Amino acid sequence: MNQKIRVLVAKPGLDGHDRGALVVAQALRDEGMEVVYTGLRQTPAQIVNAAIQEDVDCIGLSCLSGAHNELFPEVVRLLREHGADDILVVGGGVIPQEDIPFLKSQGISEIFTPGTPTAVTADFIRNNVKRKRMSLVQPPKKIAHIGIAVSRIESALPFYTEQLGLPLLGTEVVESEQVRIAFLGIGESRLELLEPLGPDSPIARFLEKRGEGIHHIALDVDDIEERLTRLKENGVPLIHETPKTGAHGAQITFLHPKAAGGVLFELCQYPAAKGEHQSE
Ligand code: ZN
C-alpha cells in the first residue's frame, strides 16, 4: 500500500492563463504523483473544498494576477478552519521575492518562482508529504529492551543479577531466531541476554564477527504495520518487510543497521497495545 502522493493544482483569482499550471501538473504526473487540476478562476473556498473532497496531500497554488498575498493565506486559513491543515500548501506564479517571507509566515510552505526546475518542486513536495505522513504515526513510546549478545547466559548472568542487582524475569527460547533469551527488568524496560542455540543463529554470526556486546535496541511502538509502510515509502532499508512474532508474543521487525549508522534497531509491538493507544 505504497500510497501515491495526491496534489491539487489550483488557480485562485481572476487571471486567465493556465499554461504554467498545466505544465507543472503534467510534470508532477510524470514524477508519479496523482494530480487534480481545478481549472481557472477558483475561489479559496472552492479550492479548499476540492482539496478535502479529493483527499489530497498537497495544494499547489498558481497566481499571476498579483493577488497572491490575499488568496494564498486565505487558502491556508480555510484549511485550518476545516481541520485540514495537514495538507501541504505550496505556491508559484509571478511572485516578487519580497512577498515570499510574508507568504511563508502565513503557512505557505514554499514558493516556486518561474524558472524553478519542476524536479525541484516535485522533490520538495515528496519530502514534505512523507515527513507529514510520518508525523501522523505515534513516536516510539520507550526503549522496550536492549539486546546483548552473550556466548552463554549462565556465565554472563551473575554480573547483571549479583553486581547490578537486576531481577531475572525469566527465560524464553525463540526457535525462529535460534536464540535463548534471559529477561532482566530495569525500570519499565528490560535488558535481554541473547544466547545462540546453534551455528545458524544470527547471534552466533554476530558473536563470530564482533564478539560479545550490545546487539540491538528495541523500541516499543503502537502501530508497527503503519510505521513499516512509512519507512518503506521513505526508502529506509529494512531487514523484514512485514512483522513476525518474537518473544512475549510481540510483533517485531528489524531495520537494517545501514539505516542508523550501524545501530541495529528493532520495532516491537506488544499484544496488549495492538490497535489501541494505551492511556496510562
Ligand atoms: Zn529484541
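This passage walks through the zinc site, the strand that carries one of its donors, and a helix in the other domain of a predicted model.

The chain is assigned two domains, domain 1 (6-135) and domain 2 (142-269). Taken over C-alpha atoms, the centres of domain 1 and domain 2 are separated by 44 Å.

A good place to begin is the metal. The zinc ion is held by three protein donors, H145 (NE2), H216 (NE2) and E266 (OE), at 1.9 to 2.1 Å. Along the chain, these donors follow the spacing H-x70-H-x49-E. H145 belongs to strand β6 (residues 142-149) and E266 to strand β13 (residues 265-269), so this pair ties together parts of the chain that are 121 residues apart in sequence. Both H145 and E266 are buried.

Strand β13 deserves a second look. Four of its five residues are buried, which leaves β13 mostly covered. With strand β10 (residues 213-220), β13 pairs in the parallel sense over four bridges, and L219 has L267 of β13 as its bridge partner. With strand β12 (residues 251-254), the pairing of β13 is antiparallel, again over four bridges; here T253 stands opposite L267.

Turning to domain 1, helix α5 offers a neat check on geometry. Its 18 residues (118-135) should span 26 Å at 1.5 Å a residue, and this agrees with the model because the end C-alpha atoms of α5 are 26 Å apart. The buried residues of α5 are T121, A122, F124, I125, R126, N128, V129 and R133. Among the elements that cover them are β1 (6-10), α1 (19-30), β3 (58-63) and β4 (88-93), and also α8 (224-233).

Technical notes: Residues numbered from 1 in each chain as written. Predicted model: local features only at pLDDT ≥ 70, side-chain atom pairs only at ≥ 80, totals over all residues. Heavy atoms only, no water. Donors = N, O, S within 2.8 Å, 3.2 Å for Na, K, Ca; no water. Helix = DSSP H or I, 4+ residues; strand = E, 2+ residues; numbered from the N terminus. Buried < 20%, exposed > 50% of the residue type's maximum accessible area, 1.4 Å probe, protein only. Domains from an automatic or database assignment. Expected span 1.5 Å × (residues − 1). Contact = heavy atoms within 4.5 Å. Pairing = 2+ DSSP bridges.
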